[in-house]
Amino acid sequence: ILYTPYELMGGEYQLEEVDTYMDGYLWNNTTLKFTISKESNNVYVDDNLGTIIELIFENTPVKGEVNLTKKGETFVIEDDKFTYKEVPLNNVAYKLYANEDIYSGDGKLIYTKDSYINTYITQNGKLKISNLYLGKYYLVEVSAPDKYIIDKEVHYFELKYKDQYTPVVSIEFNFKNYLKKGTLEFTKTDLSTSEPLPDTTIKIYTINDELIFTGVTDKNGKIVIKDLPVGKYYILEENAPEGYVLNTEKMYFEIKDNGKVVKANMTNKPITGTLDFTKQDLSTSEPLPNTLIEIYNADTNELVFSGRTDEFGKITILEIRYGKYYILEKEAPEGYVLNTEKMYFEIKVDGEVIEKQLTNNLIIIEVPDTFANDKTYIDVIVLISLVVGIGFLIYDKKKKK
């Protein structure tokens, strides 16, 4: 209510607002024209003040608004690799609460502290909340599309009066939702020894057969892949480490929960072969039993086997690992010369049978030269023996007569 001490005479007037000193309202820059006359219907008589003219001049309250932009990650496969891009995210729900008692510009209580105001949902990645009274508020995200992590942070803000010339006070928010993800810890090991296998190339596919990763195990036989989104996948081995059989089996795994570490272990069977070893007489090819042989790794000279041939002159050694080897004879059979030659062989293909034969010569006893030079004496002795024998026979006959 505005009172002027001036007595206005009948006539035409205009009223202009030059400033508003009350926070929360806009300056009214319009001009209010009015007339004082006997016909004026807004004139009345006050007992104390006398004749009064009543005029209504409005000020608009300043309001607030929230403009929220919401984006989300999307899983993208490019060039057989996976990555993430941002897209507008729909159907994210927010609840708005008062963070203090909220009053209108004329002092009316609108909301009490922590009271729920409304729920708003993003469309095309946008959300706009308009016509809010000035004051303090907070937003809480209450739901998001499946496979996305709900933002647990409470977002506080204040719609604060700026000046009498700003009709709307705006707050801008840019939020992002992340996909639920996990980590794969893949280990490659030897089937029989559980030793780690480096240099194994593997590929990872989605359940829809889309290639998303190719990698090689490290020195510990491991590959760690982070930030795989929730879903089902499988692993295929592309190249086995040297000396091992390629594992063609699909290994399935699933990322179920955010932050979950999935451990997967795939084994490889080592390439092995069989050695059929036979020991024979060089000249007759007869089998030679009880021959002691040893087998060594050709690269490290490490002893890997020691044994004797059976009654058929044979030794069969199963599951010899991939690699190069050599055979050495350590003890020859009785009556034979030791064969000191290294006999090499190699296991390259799983399940192959290597056949090897090693021969021995008989020990030959040579006649000494001195015995050979006394041949004349031997002949004489033989001749004397014959003469004596004949003489004995003649004597015996005469005696009988």
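**Strands, salt bridges and loose ends**

Reader: Where do I start? How many bridges join strand 3 to strand 4?

Author: Strand 3 (residues 43-46) and strand 4 (residues 50-53) run antiparallel and are joined by four bridges. One pairing to look for is valine 43, whose bridge partner in strand 4 is isoleucine 53.

Reader: And what joins strand 3 to strand 4 along the chain?

Author: A hairpin of three residues makes that connection. Keep in mind that this is a predicted model.

Reader: OK. How many helices and strands does the chain have?

Author: There are two helices and 28 strands.

Reader: How much of the chain is buried?

Author: Of its 401 residues, 36% count as buried. The chain exposes about 26,100 Å², and carbon and sulfur atoms supply 51% of that area.

Reader: What about contacts between residues 24 or more positions apart?

Author: They make up 63% of the contacts in the chain that have a separation of 6 or more.

Reader: Back to strands. Which strands form the open sheet, and in what order?

Author: Four strands do, in the order 24-23-26-27, with antiparallel pairing. Strand 24 (303-308) and strand 27 (343-347) stand at the edges. Each has a single partner strand, so one side of each is left without a neighbour in the sheet.

Reader: What is the average twist from one strand to the next?

Author: The twist averages 25 degrees.

Reader: How many bridges join strand 23 to strand 24?

Author: Five, and the two strands run antiparallel. Strand 23 covers residues 292-297. Isoleucine 295 has phenylalanine 305 as its bridge partner in strand 24.

Reader: Where do side chains point in a strand?

Author: As a general rule, side chains in a regular strand alternate between the two faces of the sheet.

Reader: New topic. How many salt bridges are there?

Author: The count comes to twelve. In general, side chains of opposite charge can pair when their charged atoms come close.

Reader: Which residue does arginine 308 pair with?

Author: Arginine 308 forms a salt bridge with glutamate 331, and their closest N and O atoms are 2.8 Å apart. This pair links distant parts of the chain, with arginine 308 in strand 24 and glutamate 331 in strand 26 (residues 323-331), 23 residues apart. Strands 24 and 26 both belong to the open sheet described earlier.

Reader: Is arginine 308 buried or exposed?

Author: Partly exposed, at 38% relative accessibility. Glutamate 331 is also partly exposed, at 38%.

Reader: What does glutamate 238 form a salt bridge with?

Author: Its partner is lysine 203, with the closest N and O atoms 3.6 Å apart. Glutamate 238 lies in strand 19 (residues 231-239) and lysine 203 in strand 16 (residues 201-206), so the pair links distant parts of the chain, 35 residues apart.

Reader: Is lysine 203 buried or exposed?

Author: Buried: its relative accessible area is 16%, and the cut-off for buried is under 20%. Glutamate 238, at 36%, is partly exposed.

Reader: And lysine 113, what does its side chain meet?

Author: It meets the side chain of aspartate 114 in a salt bridge, at 3.5 Å from N to O. Lysine 113 is partly exposed at 46% relative accessibility, and aspartate 114 is partly exposed at 41%.

Reader: Moving to loops. What is the phi of aspartate 199?

Author: Near 60 degrees, which is a positive value in a residue other than glycine. In general, most residues other than glycine have a negative phi. Aspartate 199 lies in the loop between strand 15 (181-190) and strand 16. At 54% relative accessibility, aspartate 199 counts as exposed.

Reader: And asparagine 290, where is that found?

Author: In the loop between strand 22 (272-281) and strand 23. Asparagine 290 also has a positive phi, near 60 degrees. With a relative accessible area of 48%, asparagine 290 is partly exposed.

Reader: Last thing. What is the mean pLDDT of the chain?

Author: It is 88, and 89% of the residues reach 70 or more.

Reader: Where is the pLDDT below 50?

Author: Residues 380-385 are one such stretch, with zero contacts in the model beyond near neighbours in sequence. Residues 387-401 also fall below 50, again with zero contacts beyond near neighbours in sequence. Where pLDDT is low, the predicted coordinates should not be read in detail.

Conventions. Residues are numbered from 1 along each chain as its sequence is written. This is a predicted model: local features need pLDDT of at least 70, side-chain atom pairs count only at pLDDT 80 or more; totals for chains, interfaces and linings use all residues. Side-chain values use heavy atoms; hydrogens and water are left out. Two strands pair if DSSP finds at least two bridges between them. Axes are lines fitted to C-alpha atoms, for helices over the stretch in contact, and angles run from 0 to 180 degrees between N-to-C directions. A salt bridge is a side-chain nitrogen of Lys or Arg within 4 Å of a carboxyl oxygen of Asp or Glu. Buried means under 20% relative accessible area, exposed over 50%, partly exposed in between (1.4 Å probe, protein chains only). pLDDT is the predictor's confidence in each residue, from 0 to 100. Contact means heavy atoms within 4.5 Å. Accessible areas come from the Shrake-Rupley method with a 1.4 Å probe; for residues, only the protein chains shown count as cover.
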